[in-house]
Amino acid sequence: MQMGIGAIRNAALTCMGDKRHLGVHTEMFSDGVVGLIESGVIDNSNKKVSRGRTVNGFAMGSEQLYRFVNDNPEVVFLDIEFVNNPVVSSRTRR
C-alpha cells in the first residue's frame, strides 16, 4: 500500500479492516496506518522487500502516531531515493 495526505486516503484506510496480510512501502506514514497495524490487517508478511517491516520515508500526524513509530523495530525510515524508487516498488507483486 502507498498512502498520502488527506481525508480521502485516511477514509480509504478505514475501509480495509476486513483485509489481511497487507504490506506498506510508502513515502509518508500517516495516522490511518496505525490502527491497521495494531489490528493485524497490515503485517508486511508477504513483502519481498523489507518483509515484516513498514517502510516509509517520513511520518506526519498525531502524537499517537509519533509514539507508535518511536523505537518501533517494525517501522523503518529509509532514504526517499530508495522508498520512491520504481525498481524497488516493481518487486512488489499484486
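Accessible area is computed with the Shrake-Rupley method and a 1.4 Å probe. By that approach, the accessible surface of the protein comes to about 5,800 Å². Of this surface, 53% belongs to carbon and sulfur atoms. The structure is a predicted model, and the paragraphs below lead from its overall form to its individual residues.

The overall architecture comes first. The protein has 5 helices and 3 strands. Read along the sequence, these elements follow the pattern α-β-α-β-α-β-α-α. The C-alpha trace spans about 30 × 25 × 25 Å along its principal axes. A second description of form is the radius of gyration. A compact globule with 94 residues would have a radius of gyration near 12 Å, and the value for the protein, 12 Å, therefore agrees with that expectation.

The next matter is how the chain is distributed between interior and surface. Of the 94 residues, 33% count as buried. Contacts also show how parts of the sequence are brought together. Among contacts between residues at least 6 apart in sequence, 45% join residues at least 24 apart.

Helix H2 offers a useful view of the interior. This helix covers residues 31-38, and Val-33, Val-34, Leu-36 and Ile-37 are buried in it. What covers the buried residues of H2? The cover includes helix H1 (7-14), strand E1 (25-29), strand E2 (54-59) and H3. After H2 comes Gly-40, whose phi is positive, near 90 degrees.

Leu-36 deserves a closer examination. This residue lies in helix H2, and its relative accessibility is 8%; because buried means under 20%, Leu-36 counts as buried. Which residues does Leu-36 touch, if those up to four places away in sequence are not counted? They are Leu-13, Met-16, Gly-17, Val-41 and Ile-42. Two of these partners, Leu-13 and Ile-42, can be described further.

Leu-13 lies in helix H1. Its relative accessibility is 4%, so Leu-13 counts as buried. The C-alpha atoms of Leu-13 and Gly-32 are separated by 6.0 Å, although the two residues are 19 apart along the chain. Ile-42, in turn, is placed in the loop between H2 and E2. With a relative accessibility of 3%, Ile-42 counts as buried. From C-alpha to C-alpha, Ile-42 and Lys-19 are 8.3 Å apart in space, while 23 residues apart in sequence.

Helix H1 also contains Thr-14. Is Thr-14 buried or exposed? At 64% relative accessibility, Thr-14 counts as exposed, whereas Leu-13 counts as buried. Thr-14 and Leu-36 are 22 residues apart in sequence, and their C-alpha atoms are 8.1 Å apart in space.

Attention now turns to charge. The protein has 11 positive and 10 negative charges, and the mean positions of the two groups are 11 Å apart. Side chains of opposite charge can pair when their charged atoms come close. How many salt bridges are counted? The count comes to 1 salt bridge. Glu-63 forms a salt bridge with Arg-67, and the closest N and O atoms are 4.0 Å apart. Both residues belong to helix H3 (residues 63-69); because they are 4 residues apart there, Glu-63 and Arg-67 are separated by about one helical turn. Glu-63 has 52% relative accessibility and so counts as exposed. Arg-67 is exposed as well, with a relative accessible area of 55%.

Finally, the backbone of two loop residues merits attention. Ser-50 is placed in the loop between H2 and E2. The phi of Ser-50 is near 60 degrees, a positive value in a residue other than glycine. Its relative accessibility is 25%, and Ser-50 therefore counts as partly exposed. Asp-71 is found in the loop between H3 and strand E3 (75-77). Although Asp-71 is not a glycine, its phi is positive, about 55 degrees. At 73% relative accessibility, Asp-71 counts as exposed.

How values were computed: Residues numbered from 1 in each chain as written. Predicted model: local features only at pLDDT ≥ 70, side-chain atom pairs only at ≥ 80, totals over all residues. Heavy atoms only, no water. Rg over C-alpha atoms; globule rule 2.2 N^0.38 Å. Buried < 20%, exposed > 50% of the residue type's maximum accessible area, 1.4 Å probe, protein only. Contact = heavy atoms within 4.5 Å. Lys, Arg positive; Asp, Glu negative; His and termini not counted. Charge placed at Lys NZ, Arg CZ, Asp CG, Glu CD. Salt bridge = Lys/Arg side-chain N within 4 Å of Asp/Glu carboxyl O.
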